[in-house]
Amino acid sequence: LEYVAAHYQGPVTVAAVAAAVGVSPFHLSRVVTRATGRSLHQHVVRLRLRDALGRVLDTRDGLTTIALDLGWSSHSHFTAAFRREYGVAPARLRGGRATG
């Protein structure tokens, strides 16, 4: 989990994390699920969304910039994930300011 916390902004796969920490992908998946109650992917998305929430509220960074910086492939994927997690789109949370 420490490795994931330090690398969640980039591409994170079970195979890559398992290799980095010296365990099998199966064992890693089991340990992460036991520790967090989520799959590795769900855990990474949660970390990214928490970071994004802070950036949406505390910076003037564009939403596309935030999305790409935190590993989403597009603004729309980011917005959909943010809305699922927090119940509101990031642009609306910001009060409708420019989001480019």
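For the charge count used below, Lys and Arg are positive and Asp and Glu are negative, while His and the chain ends are not counted. Each charge is placed at NZ of Lys, CZ of Arg, CG of Asp or CD of Glu.

Welcome to these exercises on a predicted model, where local features need pLDDT of at least 70, side-chain atom pairs count only at pLDDT 80 or more, and totals for chains, interfaces and linings use all residues. Residues are numbered from 1 along each chain as its sequence is written, and side-chain values use heavy atoms, with hydrogens and water left out.

**Exercise 1.** Find how far apart the mean positions of the positive and negative charges are.

*Solution.* Start with the counts: the protein has 13 positive and 6 negative charges. Then take the mean position of each set; the two lie 8 Å apart.

**Exercise 2.** Describe the secondary structure and the extent of the protein.

*Solution.* Begin with the DSSP runs (helices are H or I of at least four residues, strands are E of at least two, numbered from the N terminus). They give seven helices and zero strands, in the order α-α-α-α-α-α-α. Next, lay the C-alpha trace along its principal axes: the spans are about 45 × 20 × 20 Å.

**Exercise 3.** Work out which residues touch the most other members of the largest nonpolar core, and which helix gives the largest share.

*Solution.* First, fix the terms. Buried means under 20% relative accessible area, exposed over 50%, and partly exposed in between, with a 1.4 Å probe and protein chains only. A nonpolar core joins buried Ala, Val, Leu, Ile, Met, Phe, Trp, Tyr and Cys residues through side-chain atoms within 4.5 Å.

Second, the largest core has 20 residues, and Leu-40, Ile-66, Trp-72 and Phe-78 touch the most other members. Third, helices H2 (14-21), H3 (25-36), H4 (40-58), H5 (63-69) and H6 each supply at least two residues of this core. H4 brings the largest share, six residues.

**Exercise 4.** Classify the ring pair of Phe-82 and Tyr-86.

*Solution.* Rings of Phe, Tyr and Trp (its six-membered ring) pair if their centres lie within 6.5 Å; planes under 30 degrees apart are stacked, over 60 edge-to-face, and the rest tilted. The whole structure holds three aromatic pairs. For Phe-82 and Tyr-86, the centres are 4.9 Å apart and the planes are at 55 degrees, so the pair is tilted.

Now place the two residues: they are four residues apart in helix H6 (residues 75-86), so about one helical turn separates them. Phe-82 is buried at 0% relative accessible area, whereas Tyr-86, at 28%, is partly exposed. Finally, ring pairs link Trp-72, Phe-78, Phe-82 and Tyr-86 into a cluster.
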